[in-house]
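Trainee: Could you walk me through this one at bench level? I'd like to see what to look at and how each call gets made.

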Amino acid sequence: MIDLVAKSPAAGLLPVTVGASTLSEQPVTQIYSIAPFKGAHVSTALKKAVGLGLPNVGGSKSKDGVEILWAARGQYFLIGAKPPPLPAAITDQSDAWCTVALTGENTDHVMARLCPLDIASMEHGDVARSLVGHMSAIIVKRKGGVTLMVFRAFAKTLVHDLQTAMRSVTAQATLPD
């Protein structure tokens, strides 16, 4: 019989530090997609169950290790808690995503090489759906960096692309004036 071993999406690839930037994998946690049915009000039920209601478009809310992200039109991610029964389509996405944190003073410059968004203009807690390289991603602005979520199958590509951009930014910073 085959013995299967659970591994995180970026197992053996991270953490990596290049210059003033660090890329690290975030722990695998519960992620539930919540898509409220048309006309349904789920924010109050969520607030009662996990202490947080739904965020505005492009936003996030967090409290006591639980976070709710706007993920797309009519879709939210509940991270770190199990949702109560809701009038919504709920799917467990826990194994589907690779979540990494890019931190350091060069975060905005690294992201500028891979993402069409102006990450520097985003504020703490802002959430966007965009591209990182050629991969669809959820980008969450944090103090001192960003959290990036891509589909699990793209973990190796994400790490490669970010490392390449980190090296580029570091090399450019060492060039003489």
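**Contacts, burial, rings and a pocket**

Trainee: Leaving aside neighbours within four places in sequence, which residues is Leu114 in contact with?

Mentor: Bear in mind that this is a predicted model, where local features need pLDDT of at least 70 and side-chain atom pairs count only at pLDDT 80 or more, while totals for chains, interfaces and linings use all residues. Residues are numbered from 1 along each chain as its sequence is written, and side-chain values use heavy atoms, with hydrogens and water left out. Contact here means heavy atoms within 4.5 Å. With those sequence neighbours set aside, the partners of Leu114 are Leu131, Val132, Gly133, Asp161, Leu162 and Ala165.

Trainee: Is Leu114 buried or exposed?

Mentor: Leu114 sits in the loop between α2 (107-112) and β9 (127-132), where helices (H or I, at least four residues) and strands (E, at least two) are DSSP runs numbered from the N terminus. The scale is relative accessible area with a 1.4 Å probe and protein chains only: under 20% is buried, over 50% exposed, and in between partly exposed. Leu114 has 16% relative accessibility, so the call is buried.

Trainee: How far is Leu114 from Ala49, C-alpha to C-alpha?

Mentor: Along the chain, Leu114 and Ala49 are 65 residues apart. In space, the gap between their C-alpha atoms is 38 Å.

Trainee: And how far apart in space are Thr164 and Val18?

Mentor: Thr164 belongs to helix α3 (residues 155-174), and it is partly exposed at 38% relative accessible area. In sequence, Thr164 and Val18 are 146 residues apart. Their C-alpha separation, though, is 9.6 Å.

Trainee: Which residue follows Leu14 in the cis peptide bond?

Mentor: Most peptide bonds are trans. In this chain, one bond after Leu14 has omega near 10° and is cis. The segment to check is the one before β1 (16-18), and the residue following Leu14 there is Pro15.

Trainee: What is the phi of Asp64?

Mentor: Most residues other than glycine have a negative phi. Asp64 lies in the loop between β4 (60-63) and β5 (66-72), and it is exposed, with 72% relative accessible area. Its phi is positive, near 50°.

Trainee: How about the loop residue Gln93: which residues does it contact beyond four places in sequence?

Mentor: Gln93 is in the loop between β7 (88-92) and β8 (97-104). Its relative accessible area is 19%, so Gln93 counts as buried. Its contacts outside that sequence window are Ile31, Tyr32 and Ser33.

Trainee: How many disulfides does the structure hold?

Mentor: A disulfide is a covalent bond between the sulfur atoms of two cysteines, and the test is a pair of cysteine sulfur atoms within 2.5 Å. The count here is zero.

Trainee: How far from the sulfur of Cys98 is the nearest cysteine sulfur?

Mentor: Cys98 is buried at 0% relative accessible area, and Cys115 is buried too, at 6%. Neither Cys98 nor Cys115 is in a disulfide. The nearest sulfur to that of Cys98 belongs to Cys115, at 16 Å.

Trainee: How are the rings of Phe77 and Trp97 arranged, stacked or edge-to-face?

Mentor: Rings of Phe, Tyr and Trp (its six-membered ring) pair if their centres lie within 6.5 Å; planes under 30 degrees apart are stacked, over 60 edge-to-face and the rest tilted. That rule gives two aromatic pairs. For Phe77 and Trp97 the centres are 5.4 Å apart and the planes at 70°, so the pair is edge-to-face.

Trainee: Which residues do ring pairs link into a cluster?

Mentor: Phe77 lies in β6 (residues 75-79) and Trp97 in β8, so their pair ties together parts 20 residues apart in sequence. Phe77 is buried at 1% relative accessibility, and Trp97 is buried at 6%. The linked residues are Phe77, Trp97 and Phe151.

Trainee: Last one: which element gives the largest share of the lining of the largest pocket?

Mentor: On a 1 Å grid over the protein atoms alone, a pocket is an open set of points where a 1.4 Å probe fits, with protein on both sides within 12 Å along at least five of seven lines, and lining residues have an atom within 4 Å of a point. The largest pocket has 20 lining residues, with Thr99 among those nearest its centre. Thr99 is found in strand β8 and is buried at 15% relative accessibility. The largest share, three residues, comes from β8.
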